[in-house]
Amino acid sequence: MLKRPKPGEDEDDILRMQEEFLREKSKDGSFKPSAQVVNLRRTEHQTTKRSSNEASTRKPSKYAQSKGLTQNEKRPKNEPSTSVMGDILEKNVTDVQEIPKDEDDKVYFPKVIPALLGEIVEKNLDKFVDFNEDPMPSKGFPAVPKRNPTIVPGKKSIHALQMEKNKQRIKKEEKSTKMDVDDMAKQNTQAGSSQSVADSLNLPSKSYILANKEADVIHNENVQVLSKLSEKEILDEQEKLLSSLDPKLVEFIKARRKQTPATESAPTKNKKEEEMETEDISSNQQNDESDELWDNDILSHPDASQWLHFDSLEKDKLQWMKGVQESKMVKPDEPYEARFDFKGYLLPYTMEYTEKTKTLFHHGEEPHRPGYSLTELIELSRSSVTQQRVMALNTIAGILDYYHTGIYKDIIEIPLTKICFVLRFAMEENKVITLEPALKAMRNLLYNKVDEACLDALIGFEEGTFQPCLENDKSEIEEMDSKESELKDFHLGEIDLVAAILRTNILQRLYYITDTIKPSFNCVQYSLQILTRLARDSVETASTIVQTGHLMNTIIKNFMPTTSINFTFNPDIVYNGKPVLAALKLVRILSLQSKEIGEILISKYNILEPVSEYINSGIDGTYGLKLQMEAYCILSNLLHYDLAVNQAVALFPVIVTTLYKHVQGTDIFISTLPISSTHAAVVLQLVNRMFNCNFFDVEKYGHKIYPLVKEGLTKWIAQVASIDNYTCGHMRVVCSVLDCCKTILVKTQASLEFLNNALKSLSKSKGMMKIMANLVSSSNLLSGIEEKDLNFTKNLTCLGGAVIDSAQKVLPILNITSPMPFLVSLFKVLVNINDKEIADSYIELVQPYLRRLINKTPSLTLNWFTRMEIDFVFNTVWLSLQSNITEKLKDIVYAVANKLCFILRIDKQFELHYLFNNIIFNKEWFTAERLFHLVSLSEADGFSKVLSSIEDIKLCYSKVVNVNNLDRIPNIVLRIWKEPILPRDWIYLPILSLYSKSQEMPATPMIVGDHAVKLANMAALEKELIVTCSLEWILFNELCFPDLINDIHVTDRFCRIMCVFLCDNSLFLDEKIKLLLHRCTKILFKKASDFNFDKQLIGLSNFENFYTQLLEHFQSVSYGDYNFSACVLVPLAQHHNVKWRKILWSEYAGCLRALDCPENYLCYEINKYLSPEETDDSLIKCYFRALSSNLLGPGTIVHRIATHHAECYKQRMNVSEP
C-alpha cells in the first residue's frame, strides 16, 4: 500500500512518492488508484443522437480535411482517467513523444481527458455565404447613397423598393458580358473635354465636396455650366453665393478643398512593384529596430534562441527595450520640466547614458531624459508596488531637503501644498518600510533642519534662551472677508501649511504611530521633529499638543522615562526604557511657550521627575551629555516663569558639584571638544536663571556660587587672552560666566575687582585682537545680503538661516569664528561696570566697525539672528556714554544711534527710549561742526529756538511713537517681531500720523458747547505744536545731518512735506509754519533733478491719487498760498509726465484761478515749464480753453505757461500751412 505524505516531508519526498506510484502503475496493468472520478452523465442526448447511416454520409469539415482526416476516421479517444477535462495533447499529433530520463526535470503535470465536455466538432456547412462587403472608403466614412426620385411608396417602403432595384441592377450587370467600347470612348471624350474646360477656367479637376459615385458626373455638369458663363458672371454668382452662406460653412468648404490626399498625387504602381517596395521597407525597418535595441545581457546571451518563445524576435514586445535617442540641447532661456535623481537632486536636461546613470532612464513621457519628474513621483507614491512607493517617497524627501536649504531658489517652484497632502496620505500606511520614508518626507517639509541647527547652535548663549514663534501671517484670510473654518484644506494650505496639516488629525496619527505601531528609531525621531515644528507655530498649537493627553503620555512614557542616562547611544534604545533626545527637545520648546503650558507639563505629565533624574545621573559619552543639556535647558525655561523653584533648590548641590568639575577641568582651547564647553555653559545659564528668579534666595545660596564664578571667569578670560585660534562654540562658557557676572552686578550693586582686572588685561591681549579681526566679516548688518537672497516660503514661516551663495552656506553671524555672541555678553558686562578707562579701551577696538556701519545701508535687519548684533551695537552706543570720546567719535556714535532708531524691532522699546533721552535729542551730542550749518538761519526764519525747544521736540516724538516698556518673554512671535519700532522715515512720523487721522471719518457725532470748543482749541494747539516741532526737527536734520537721511529718496521726502497741507484746512497759513515749510521745500528743491513721480513711492499706492487729493484741497482752502502753489507746480515741469499737466489743466482747471507764486519760490526755473514746446493736442486745447475763459490772471505763472505753448502751437500751424 502506498504511503500518504506526512507533516514535515518536503517536496523531494512528494516527488519520490510520485515516482513509486508511477513505477507500480507501469508494472501492473490492472493497477488502479484508491479513488477515481467516474462520469455518470450521458455523453449524448437521446433526442439529438444521430444514426450511424446519417453520420456515415456526412461530409468531412474543412477543419478535418486540413488535418488529414478521412470521412470515417475519428480521433482516437483516450482511456478514462481521474481527470475532469482530459489530456492536453499537441494538435494533430497522435503519438506523444517520451522525454528522455536525462532531460526530464522531474516536474509532472496531470493529463487532461475530455471526459466531461466531450469532443468539439466543427459545424459542417455545404454553402458559403458571401457577404459581398464593400471596401472601407479612404476617408473613413461610407459613401452616402443617392435615392431614385421616381420610386413611389406603396405596399413596401421606399427603402425596400430601392434595395430591390439595386439587386436587379446588380444581376443585370452580372448577366451583361458585352463591353461597349464606343460608350467608354464617348465617356472618355466627354471627360477629356470637361477636363480641358476646367483647366482653361482654372477650375479643380474634381469635386472636393461630394464623395459619392455621382460626384464626377455632377462635377462635369457644373464645369459645363460654368464654361458658358463669362468671368464677370461667374464672379457675380460667386459673390451672391458667398453672401447667402454662413461664413463658417465657407471656411469648412475651403478646408475641404485644401485637404488633398497624398495618394492622389502619387503615381500608380503595379502589384509586383508594391510588393517589392513593402519588402524593402519591412527589412529596413527590421534593421533599424534591431539597431535601436539595447545591447543587454538578455538578447546577447548565446542560448537565447533555445529559450521558450525566443526563437523569433517579436519587435512590438521589445519596443520598451529600444535605445535612448539623443535629444537636442534646449535653448538657455527655454524652460523644461524638472527631473530628479533618487537623492532628490535636480538633473540637467540631458545626461550621458552609462552604467551609473542607466537606472535613471525609464519609460515615461520623456524617455530620452534621465530622472523622475514630480508628477511621476507623486504617481509612484501611490503605486501598488512597495519598492516604487518607497523610492518615490525617499526621492520627494530628498527634493524637500534640498529645497529648504535654498539650492533650488529661483530655479524651480515646488508645489508644497500638494506634496503635503500626498505625504499625509502616505503616512496612513502601517508598514514600517513605507511609513519611514513618508515620515521622513513630511519631516523635511515642515522641519527646517538648517534653521533648527542654527537655533541649537545658540544654546549656551543668552540669545539661545529666546526662541522664535513661527506663526504664519493669516491676514490674507481677513482680506477675503472670510474665516479660516470656511476655507478648504488646499486653499488654507496655500496660506498656512501648518494650519492645513493640523486639520488632517496629524496629532492623532502620530499618536497611533508611536503608541500602536511602535516603529523604528528613525520613524520615532521624524515624528518628534514634526511635533517640534508644530509646537513652534504658535502658543495655540503648542497648547493643543499639550492638551492631547494620550499623545503626551505616550511621549513621556516611552521617550522620556525616569531612568539613568549613563548609556551609549544605539538605535535600539527606542521602546526599551531609554530617553530619546528629540523628545527632550520637544519638551524644551513646549516649556518655553507660556507659563500655562509649563504648569501643565509639571502638574499633568510630571516632567520634573525625569528631568531631575537626568541632571542627577552620571553620564558617559556624547549622547548622555546632550540629554543632560536638554534637561538643564528645560529647568531654566520653567524658572523663567518662576516655576519649579523647589526642584531647582533640591538640585542645587548637584549643580554646584557639576560647576566645580567644569571650573577645574573644562578649557576653551580649540584642541578640546566644544560639547564640554556647551555643557558648562548651560549649567551656568541655569545658575544665572536661578539668580534672576523672584523666589530664589540669592543671599542664602550665593556664597556657594560666587567663588566658582570668580575662579572660572579668571581662568577662562586668561585662556581667551592667550588663544591663537578659537571657535564660537568654545566661547560659550565664557559668555555664560560673563552673563552670571552681569546678574551679580545688577543684583548686588557691588563692584567685582577680579572682573575689572580680567577685562583690563583682555582688552590689550593678542586673543582679543584675534577676535576683533573677525568682527566685520561676521556682521549681518555689513554683509550686503538682502532678504531676497535668502530662501523663504510664503505658507511656511522660516528663519532664513541658509545663504546658498556664501562659502559657509550660513549667515555671517553664525559662522564658526563669529565673535558676535561673545562680544554681546562682554559689552553688557562693560556697561554695568561703568569704568571709563575700560570703556575707552574697548570703544577704540570697535571704531573700524562703527565707521563701516554709518557709511553702509544696514542689511538683514529683519533676520532673527541679527538680534545679537543689534544688541551689540546698542551696548556699544551705551558704553560710549560712559567713556571720554572725541568730537569726531561722538559724531560717529550719534550717526549709529540714529540708525538704531529704525533698526530696532518692536521688542526693543527700552532701547529706543534710552536713545531718545540720552543721544538723539541730547544737545551735548550735537557737534560744533554739525551746528555750524545753523548759522545761515536768521531770526526771521523762526528757527532760532530749535535748540532751546529740543525737549518739546523729544516729547512730541515720544508721544507719537508711544514708547512704553513691555515685558520681555522668551517666546517671541517672529511675525510681530519683524515690525520695526520706527519706520525708516521716522522723522516725518508725527506729520504722517496727523495726515492719517485727517483722512479718517469721525466715529462719534460732533459735540457742541463750551466744553467742546475748549477741547477743539486744545486739539488745534496740540496739532500746531506737533507740526511745528516736526518741521523744526526735519529742517534740523536736513541742515545738520543730511547724510543720515540721504538714503530716503527726495521724492518721498517731498510727498511727506506736502502732507502738512493736507493735515488741516488752515494750519499751513500760520506764519511760523509757513516759514518752516518754505525752508524745508527750498532745501528739497535743490535736488529737483532727482524728482521722479512715476516711481513707486513708499507709503503711497501711487502718486496720482495723492496729487489729485492735493489739487482738491488746494482748490478748496489754499487762499493763494505761495508755498502751496510752488508745491503744486513741481510736477508740471515739461520733463515730467504729461499726465500731471493734464490732471491740472483739464479736471482741476478751477485751481488755476489761485495758482501763482513768485519765481524764487519755484522748484525749477521758469524755462523748465516753457520748454520743450508742448506737443500733446488735448493739453494744447486745454491751454486755449483756459485763456479764452479768463481762468488765468494776467502775469501769473500759469498764464505765462499757457500763453507760451499756445503761441508756439500757432507758429507751428502757420509754418505747416502752404
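**Figure 1. Helix H37 in its surroundings in the predicted model.** Of the 17 residues of H37, 15 are buried, so the helix is largely enclosed by the rest of the structure. H37 covers residues 887-903. At 1.5 Å a residue, these 17 residues should span 24 Å, and the end C-alpha atoms are 24 Å apart, which agrees. A salt bridge within the helix joins glutamate 887 to lysine 890, with 3.4 Å between the closest N and O atoms. Glutamate 887 and lysine 890 are 3 residues apart in H37 and are therefore separated by about one helical turn. The two partners differ in exposure: glutamate 887 is partly exposed, at a relative accessible area of 44%, whereas lysine 890 has 16% relative accessibility and counts as buried, the cut-off for buried being under 20%.

**Figure 2. The salt bridge between glutamate 452 and lysine 585.** The structure holds 44 salt bridges. In the one shown here, the closest N and O atoms of glutamate 452 and lysine 585 are 2.9 Å apart. Glutamate 452 belongs to helix H15 (residues 449-456) and lysine 585 to helix H23 (residues 581-591), so the pair ties together parts that are 133 residues apart in sequence. Glutamate 452 is buried, with a relative accessible area of 4%. Lysine 585 is buried as well, with a relative accessible area of 7%.

**Figure 3. The salt bridge between arginine 1141 and glutamate 1174, and a cis peptide bond in the loop between H49 and H50.** The closest N and O atoms of arginine 1141 and glutamate 1174 lie 3.2 Å apart. This pair links distant parts of the chain, 33 residues apart: arginine 1141 is in helix H48 (residues 1138-1147), and glutamate 1174 is in the loop between helix H49 (1167-1170) and helix H50 (1177-1188). Arginine 1141 is buried, with a relative accessible area of 4%. Glutamate 1174, at 5% relative accessibility, also counts as buried. The loop between H49 and H50 also contains proline 1172. The peptide bond from serine 1171 to proline 1172 is cis, with omega near 0 degrees. Most peptide bonds are trans.

**Figure 4. A patch of negative charge on the surface.** The residues gathered in this patch are Glu233, Asp236, Glu237 and Glu239. Glutamate 237 is found in helix H7, which covers residues 231-244. With 44% relative accessibility, glutamate 237 counts as partly exposed.

**Figure 5. A nonpolar patch on the surface.** Ile209, Leu210, Leu249, Phe252 and Ile253 form the patch and together have about 410 Å² of accessible area. Isoleucine 253 has its place in helix H8 (residues 247-258). At 31% relative accessibility, isoleucine 253 counts as partly exposed.

**Figure 6. Two asparagines and their partners in space, asparagine 553 with aspartate 515 and asparagine 971 with serine 538.** Asparagine 553 is in helix H22 (residues 549-559) and counts as partly exposed, at 43% relative accessibility. Between asparagine 553 and aspartate 515, the C-alpha to C-alpha distance is 9.6 Å, and 38 residues separate the two in sequence. Asparagine 971 lies in strand E2 (residues 971-973) and is buried, with a relative accessible area of 4%. Asparagine 971 and serine 538 are 433 residues apart in sequence and 9.4 Å apart in space, C-alpha to C-alpha.

**Figure 7. Positive phi at tyrosine 575 and aspartate 642.** Most residues other than glycine have a negative phi. Tyrosine 575 is not a glycine, yet its phi is positive, at about 60 degrees. Tyrosine 575 lies in the loop between H22 and H23. Aspartate 642, likewise not a glycine, has a positive phi of about 60 degrees. Aspartate 642 has its place in the loop between helix H26 (622-640) and helix H27 (645-650). The relative accessible area of aspartate 642 is 22%, and the residue is partly exposed.

Conventions. Residues are numbered from 1 along each chain as its sequence is written. This is a predicted model: local features need pLDDT of at least 70, side-chain atom pairs count only at pLDDT 80 or more; totals for chains, interfaces and linings use all residues. Side-chain values use heavy atoms; hydrogens and water are left out. Helices (H or I, at least four residues) and strands (E, at least two) are DSSP runs, numbered from the N terminus. The expected span of a helix is 1.5 Å times one less than its number of residues. Buried means under 20% relative accessible area, exposed over 50%, partly exposed in between (1.4 Å probe, protein chains only). A salt bridge is a side-chain nitrogen of Lys or Arg within 4 Å of a carboxyl oxygen of Asp or Glu. Patches are made of residues with over 30% relative accessible area and no salt bridge: like charges are joined within 9 Å, nonpolar side chains (Val, Leu, Ile, Met, Phe, Trp, Tyr) within 5 Å. Accessible areas come from the Shrake-Rupley method with a 1.4 Å probe; for residues, only the protein chains shown count as cover. Lys and Arg count as positive and Asp and Glu as negative; His and the chain ends are not counted. The place of a charge is taken as NZ of Lys, CZ of Arg, CG of Asp or CD of Glu.
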